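The following note sets out points for discussion on the structure shown below. Aromatic pairs are taken up before the helix.

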Amino acid sequence: MSTTTLHLAKQNFKFSAAHFLIFDETHAERLHGHNYQVKVDIKTPSEEELHSDGYFLDFNVFKKDIKARLDQWDEMVLLPEKQKDMKFKKNGNSLEVTFRDRFYVFPVKEVSLLPVTNTSVEQLSRLLAEEFFAEFKQYGVKSVRVYVAETAGQGASTVVPSRA
């Protein structure tokens, strides 16, 4: 039995965001930004489960959801909510962030607190893959692979559910 995977890598599957990585107890990057590019692979049901017309689903169903989700991170500061050395305090329309000896103040509406310990491409791809799979499984999708590149040729991917 054969399997088919849809590959979606549209030019507008992108987001620009600021972040910094935390390497260990004493080392972390400075706040900086990337123009992230995202690719999504969707494993379809078996050929027997496809439409009798020979296709799985209109690509636009997936493209709309992917683009809308990526837009939520566009032009935002991405911060790891589960990072033990990071403290957050909302003060009116501002978010005060303390990380070790650093102190930042951002507009609340320009920050995405992510349920991760680090804002790495590994974690970003996992979050997106989990969200997309949860949304797309209603269509019979078997798995979703999300690749997030922070620069051309440098990124990470996650497959949900895991093939392990």
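1. The model is a predicted one. Nine aromatic pairs are present in the structure. In one of them, the ring centres of Phe20 and Phe99 are 5.3 Å apart and the planes meet at 55 degrees, so this pair is classed as tilted. Phe20 belongs to the loop between β2 (14-19) and β3 (32-43), whereas Phe99 is in strand β6 (residues 94-99); the pair thus links distant parts of the chain, 79 residues apart. Both Phe20 and Phe99 are buried.

2. A second pair, Phe62 with Tyr139, is edge-to-face, with 5.9 Å from centre to centre and 90 degrees between the planes. Because Phe62 lies in helix α1 and Tyr139 in the loop between α2 (121-136) and β9 (143-151), the pair ties together parts that are 77 residues apart in sequence. Phe62 has a relative accessibility of 0% and therefore counts as buried, the limit being under 20%. Tyr139, at 29%, counts as partly exposed.

3. Phe62 and Tyr139 also belong to a cluster linked by ring pairs, together with Phe56, Phe132 and Phe136.

4. The ring of Phe20 has a charged partner as well: the charged end of Arg102 sits over this ring, 4.9 Å from its centre.

5. Turning to helix α1, its 13 residues should span 18 Å at 1.5 Å a residue, and the end C-alpha atoms are indeed 18 Å apart. At the N-terminal end, Asp58 acts as a cap, with a side-chain oxygen 2.9 Å from the backbone nitrogen of Asn60.

6. Which residues of α1 are buried? They are Phe62, Asp65, Ile66, Arg69 and Leu70. Seen down the axis of α1, these buried residues fall within an arc of 130degrees, so they line one face of the helix. An α-helix has 3.6 residues a turn, so residues three or four places apart point the same way. The buried residues of α1 pack against β1 (5-8), β2, β3 and α2.

7. Arg69 merits separate comment. Arg69 lies in helix α1 (residues 59-71) and has a relative accessible area of 12%, so it is buried. Its side chain is joined to that of Glu131 by a polar contact of 2.4 Å. Neighbours within four places in sequence aside, Arg69 is in contact with Leu128, Glu131 and Phe132. Phe132 is also one of the residues in the aromatic cluster.

Methods:
Residues numbered from 1 in each chain as written. Predicted model: local features only at pLDDT ≥ 70, side-chain atom pairs only at ≥ 80, totals over all residues. Heavy atoms only, no water. Helix = DSSP H or I, 4+ residues; strand = E, 2+ residues; numbered from the N terminus. Buried < 20%, exposed > 50% of the residue type's maximum accessible area, 1.4 Å probe, protein only. Polar contact = N/O pair within 3.5 Å; in protein donor to acceptor, adjacent residues only side chain to side chain. Contact = heavy atoms within 4.5 Å. Phe/Tyr/Trp six-rings, centres within 6.5 Å; stacked < 30°, edge-to-face > 60°. Lys NZ or Arg CZ within 6 Å of the ring centre and 35° of its normal. Expected span 1.5 Å × (residues − 1). Arc of directions from axis to C-beta.
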